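Me: I'm new to this one and would like a close look at a single part of it. Could you pick one helix, walk me through it, and then set it in its surroundings?

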Amino acid sequence: MTDAGLTPEQEAVRRLLADARHDGPPPPEVVARLERTLETLVAERGSTPDAAPDAPSHAPAHDRPHDTPPRVVDLGSRRRRLASAGVLAAAAVVVAGIAVGQILPQDGGDDAGAGSSATSADSTSPGLAGGRGANGGARTEEDAGADAGLAPESLKGSAPSAPGSYPTLSSTDAELAQQLLTLRPGAVRRSSATTLEALSGCDGPRHGPGRRLVAEVDGQRGVVVFRRPDAEAQRAEVYVCGTPDPVRTLTLPAP
Amino acid sequence: MSDRSDQALLQAHVDGDTEAFGELFARHRDRLWAVALRTMGNPEDAADGLQDGMVAAFRRAGSYRGEAAVTTWLHRVVVNACLDRLRAAKIRRLDALPDDVEDRGTVVASAVRDDQPDAVAEDTERRQRVLAALATLPAEQRAALVLVDMEGYPVAEVAAMLGCAEGTVKSRCSRGRTKLAALLADLQQEAGDQSGGNPPPDGPVQPTVRPRGPPAS
């Protein structure tokens, strides 16, 4: 930079800043951390060939961003398959629980039926269905209805995405902040979004607290997490499902 | 370390070479760390910002189009990661002194004056004041000053790093320097005394140190 036009005060500031420059390498612990992160990135990338056959099923090639590594698709597809299998298993267990409740003698009371249902659910799918089965027969029917209604969505996780199912976002879009402002009212509480995120192959709790908006991000399933706003601003993080780090972080005006 | 150029290493990474990116990043790591450290204001946030930038660069290497030097692109990715973190965290500008006042740069700079404890203490205090004042600036102004005045990159290159016009970089630097001048007026006076008196009122201060420039890559 030329020094022309600088006042003496500004030139003195330049000199002070230059004197405060940092020289030297990062601390060893930072170097070690960076190297560990790089090893993880390389290792994940190394798993790409296994996922290659699955990649086209999640987004058309021309829709996928050029800079998105296939490994993200790999992990995402695995999560989607797991999530789909889990939801289908849960639905099957709930249906089985209802059937058992109807077959058992009615004079045994609702509690016996519910207990049987809960036991069945616990032994088959402790993660998702166990808690619901324990709530009793009436609740189980509600959940069964809910799951039945969501079950077709779960199939979308392993099938080609239905265009227009979710808002389409691009992490490199200069207008992304404006787009998120428009979409923000549609974000839901984390507890409400958990099921939807699971269906989308996202690991919701890892993304921390905040309202959720499921979206198609860079051609893949993703989620936008709107953090708790302060008086002036709200932080929004855009994730591609299956990746722990946001692909874009934005600061929006507070609602 | 190989003799491959930055561009060759980046292309090799895109083509699947598992070692290339590590070599490329290690080549520029110290400089990127310095920028992250001074932009973020403390080592913890700087480590986070540098790691974010490294991950982004690793994943987005395919987006590099060769329009700027690889080192410029790397700086851009890292600085943007830092700025994203600053915006997100809304780090308070009038925080206490930055945590890195005892960082390696300070220690190294002080080591050559072990026989002058008073001078070392003055240097340390001056650096603390400068870094604390720098931390009060808006993130964009701070990043511009770190890259231009601290690291010595040309304005045109900084404009490419920050993704803005050269005029914007100059404007941010000018506004930042003006604010710092007000905050550090007493230090300027001391600096003037040390160099043999106040500068002439109508002329620029003559630099007492060799202007810094980017490393030859």
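Reply: Here is a walk around one helix of chain B, α8(B), followed by its chain, its partner and the confidence scores.

A little housekeeping comes before the tour. This is a predicted model, so local features are given only where pLDDT is at least 70 and side-chain atom pairs only at pLDDT 80 or more, while totals for chains, interfaces and linings use all residues. Residues are numbered from 1 along each chain as its sequence is written, and chains are lettered from A and ligands numbered from 1 in the order in which they are written.

Let's start with the helix itself. Helix α8 of chain B covers residues 155-162; helices here are DSSP runs of H or I with at least four residues, strands are runs of E with at least two, and both are numbered from the N terminus. Is this helix mostly covered or mostly open? Mostly covered: 6 of the 8 residues in α8(B) are buried. Buried means that 20 or more other C-beta atoms lie within 10 Å of the residue's own, exposed means 12 or fewer, and partly exposed is in between, with C-beta atoms placed from the backbone. The six are B:E157, B:V158, B:A159, B:A160, B:M161 and B:L162. What do they pack against? The buried residues of α8(B) pack against α4, α7 and α9 of chain B. Contact, here and below, means that the C-beta atoms of two residues, placed from the backbone, lie within 7 Å. Just past the end of α8(B) sits B:G163, with a positive phi of about 70 degrees.

Now for the neighbour α7(B). The axes of α7(B) and α8(B) come within 10 Å of each other and cross at roughly 140 degrees. Axes are lines fitted to C-alpha atoms, for helices over the stretch in contact, and angles run from 0 to 180 degrees between N-to-C directions. That angle makes α7(B) oblique to α8(B): under 35 degrees would count as roughly parallel, over 145 as roughly antiparallel, 65 to 115 as roughly perpendicular, and the rest is oblique. The crossing of the two helices is right-handed, which is the label when the near helix is turned clockwise from the far one by less than a right angle; anticlockwise would be left-handed.

Which residues do the meeting? From α7(B) come B:A143, B:A144, B:L147 and B:V148, and they meet B:V155, B:V158, B:M161 and B:L162 of α8(B). This contact is made of 8 nonpolar residues, with no polar and no charged ones. (Nonpolar covers Ala, Val, Leu, Ile, Met, Phe, Trp, Tyr, Cys and Pro; charged covers Asp, Glu, Lys and Arg; the others, Gly among them, are polar.)

Another helix that α8(B) packs against is α4 of chain B, and B:R85 has its place there. B:R85 counts as buried because it has 21 C-beta neighbours inside 10 Å. Leaving out residues up to four places away in sequence, B:R85 touches B:D45, B:D48, B:G49 and B:D52. The C-alpha atoms of B:R85 and B:A46 are 9.6 Å apart, although 39 residues separate the two along the chain.

Stepping back, chain B has 10 helices and 0 strands, and 42% of its 217 residues are buried. Among its contacts between residues at least 6 apart in sequence, 67% join residues at least 24 apart.

Then there is the partner. Chain A has 9 helices and 5 strands, with buried residues making up 37% of its 255. Where the chains meet, 52 residues of chain B are in contact with 38 residues of chain A. On the chain B side, α3(B) gives the most, with 8 residues. That side divides into 28 nonpolar, 9 polar and 15 charged residues.

Finally, the scores. pLDDT is the predictor's confidence in each residue, from 0 to 100. Chain B averages 80, and 74% of its residues score at least 70. Within chain B, pLDDT is below 50 over residues 99-112 and over residues 194-211. Chain A averages 64, with 48% of its residues at 70 or above. Its stretches below 50 include residues 49-80 and residues 106-164. The model as a whole scores ipTM 0.74 and pTM 0.50.
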